[in-house]
Amino acid sequence: MGLLGGVPLSAMLMAAFLFFSLIMGLTPQMARPDPHAHDLISRLGFTTVTSAWPFVLVYTFALLCLGLVTARRVIRFRRQDIPFILNHAGLWLLLAAAGLGAADLRRHVVYVREGEVEWRAYNRANEALELPIAVRLK
């Protein structure tokens with residue numbers, strides 16, 4: 001448990017998250033990989049980072065390590081550990097909820113002409129969905 005809760009491993013996991021975040025920010029992300037794309041970025045899996053196995057492994061390992069560090073502080077509880085426990089437990093909860101909630105993502109397109117109001121969005125099958133808000137392009 002000492003290795004999994006150590007500072008060097010935490011620093012490496014944060015560096016890996018920074019690396020993946022930079023890739024996601026600098027390359028357009030797609031819902032599904034394009035089977036006909038032959039450029040280097042697509043072949044390396046940079047267009048679908050969140051479904052790539054290296055990202056999933058780093059994400060899972062970070063959740064495991066963060067949970068173990070938090071549990072260790074809870075087991076050896078002292079009053080001065082309360083901010084640490086709340087901070088790390090909150091981060092664990094945020095990461096776990098984000099990972100589980102990513103499966104609920106739905107992509108839609110809204111076609112809006114300049115000056116008009118649109119209440120509908122369309123999915124890949126071109127089925128309309130009424131939005132709870134209106135979109136107007138000025």
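Which residues of α1 are buried? In this predicted model, the buried residues of α1 are L9, L13, A16, F20 and I23. Around the helix axis they cover an arc of only 85°, and therefore they lie on the same side of α1. These buried residues pack against α3, which comprises residues 53-75. The face of α1 turned away from the buried side carries the exposed residues V7, P8, M14, L18, G25 and L26.

The length of α1 was compared with the value expected for a helix. Helix α1 runs over residues 7-26, and its 20 residues should span 28 Å at 1.5 Å a residue, because the expected span is 1.5 Å times one less than the number of residues. The C-alpha atoms at the ends of α1 are 28 Å apart, which agrees with the expected span.

One residue on the exposed face of α1 also belongs to a surface patch. L18 lies in helix α1 and has a relative accessibility of 52%. L18 therefore counts as exposed, since exposed means over 50%. Together with L22 and L26, L18 makes a nonpolar surface patch of about 350 Å².

Helix α4 was examined in the same terms. It covers residues 82-101 and has 20 residues. From its first C-alpha to its last, α4 reaches 28 Å, close to the 28 Å expected at 1.5 Å a residue. The buried residues of α4 are I85, H88, L95 and A96. They cover an arc of only 110° around the axis, so they are placed on the same side of α4. What covers these buried residues includes α3. The exposed residues P83, L86, N87, L93 and L94 are carried by the face of α4 turned away from its buried side. Helix α3 thus recurs in both descriptions: the buried residues of α1 pack against α3, and α3 is included in what covers the buried residues of α4.

The loop that follows α4 was considered through one residue. V110 lies in the loop between α4 and β1, the latter formed by residues 117-122. The relative accessible area of V110 is 33%, so V110 is partly exposed, as this value falls between the limits of 20% for buried and 50% for exposed. Leaving aside neighbours within four places in sequence, V110 is in contact with E118, R120, A121, L131 and V135. Among these, E118, R120 and A121 fall within the residue range of β1, 117-122. The C-alpha atoms of V110 and A134 are separated by 10 Å, although the two residues are 24 residues apart along the chain.

Key
Residues are numbered from 1 along each chain as its sequence is written. This is a predicted model: local features need pLDDT of at least 70, side-chain atom pairs count only at pLDDT 80 or more; totals for chains, interfaces and linings use all residues. Side-chain values use heavy atoms; hydrogens and water are left out. Helices (H or I, at least four residues) and strands (E, at least two) are DSSP runs, numbered from the N terminus. Buried means under 20% relative accessible area, exposed over 50%, partly exposed in between (1.4 Å probe, protein chains only). The arc is that of the directions from the helix axis to the C-beta atoms. Contact means heavy atoms within 4.5 Å. Patches are made of residues with over 30% relative accessible area and no salt bridge: like charges are joined within 9 Å, nonpolar side chains (Val, Leu, Ile, Met, Phe, Trp, Tyr) within 5 Å. Accessible areas come from the Shrake-Rupley method with a 1.4 Å probe; for residues, only the protein chains shown count as cover. A salt bridge is a side-chain nitrogen of Lys or Arg within 4 Å of a carboxyl oxygen of Asp or Glu.
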